[in-house]
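Biologist: Please take a close look at the nonpolar core of this model and at the surroundings of the residues within it. A connected account would be appreciated.

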Amino acid sequence: MSSILSSTMSRTKKRAIGAGAVLAVAAGVSATMLAPAQAIPGVQKACAFDVSTNTAVNGWRPVNSVVSVNDGPTSRYILVNFNADAGVDTLAEIRVGYSIDGGPVQIFGAQNFANHTEYWQTRHNMVVMVVPSGTHTIRPYWRISGSVGKNGVMGARCLTAEAYTS
């Protein structure tokens, strides 16, 4: 009888240790999975609060906001959002394009950022672009579409890029 009790206790002890190990692993996994995900990491967002001007003769000028995205081992679509307080002269428009890794300015969707209104307005541009695998920088550029002497102004602005969230 004593040997039966001893083997039963040994089995019970083993089960208890195994159950404890499973619970510890489950608690660890749950703690890592339940932590809040950061939707936009710091390198994927940039804001500036200075005032920048541009004229029709300047062509494309960089906006002093740059973000970096790492889309992993494959190329993928990323979502880029750019907004700014902006104003432009009558009979002119502000156009927006984007440069990837310092390359040429490209248009990835709607480019007309602002038409003339009586007052400045907050404007927004959202585009979807494909970038190759790895880490890349993205920078918006702007130009004034209009005749010589037409001006535009951008104030507070923010840029975000999302490759994927975890």
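Modeller: In this predicted model, the largest nonpolar core comprises 29 residues, and Y98 and M129 are those with the most contacts inside it. Strands β4 (67-70), β5 (76-88), β6 (93-100), β7 (112-115), β8 (121-131), β9 (135-145) and β10 (151-162) each contribute at least two residues to this core. The largest share, six residues, is supplied by β5. In soluble globular proteins, nonpolar side chains tend to be buried together.

Around M129, once residues up to four places away in sequence are set aside, the contacts are R76, Y77, I78, V80, Y98, I100, F108 and I138. Y98 is thus among the residues touched by M129, and Y98 also makes a polar contact, side chain to side chain, with N125 at 2.6 Å.

N125 merits separate attention. This residue belongs to strand β8, and its relative accessibility is 4%, so N125 counts as buried, the cut-off being under 20%. A polar atom of the N125 side chain also lies 2.8 Å from the backbone oxygen of A110. Leaving out neighbours within four places in sequence, N125 is in contact with V80, N81, F82, V96, Y98, A110 and F113. Of these, V80 and Y98 also appear among the contacts of M129.

As regards aromatic rings, the count comes to one aromatic pair. A charged group is also placed over a ring: R143 lies over the face of W60, at 5.3 Å from the ring centre.

Terms used
Residues numbered from 1 in each chain as written. Predicted model: local features only at pLDDT ≥ 70, side-chain atom pairs only at ≥ 80, totals over all residues. Heavy atoms only, no water. Core = buried A, V, L, I, M, F, W, Y, C linked by side-chain atoms within 4.5 Å. Buried < 20%, exposed > 50% of the residue type's maximum accessible area, 1.4 Å probe, protein only. Helix = DSSP H or I, 4+ residues; strand = E, 2+ residues; numbered from the N terminus. Contact = heavy atoms within 4.5 Å. Phe/Tyr/Trp six-rings, centres within 6.5 Å; stacked < 30°, edge-to-face > 60°. Lys NZ or Arg CZ within 6 Å of the ring centre and 35° of its normal. Polar contact = N/O pair within 3.5 Å; in protein donor to acceptor, adjacent residues only side chain to side chain.
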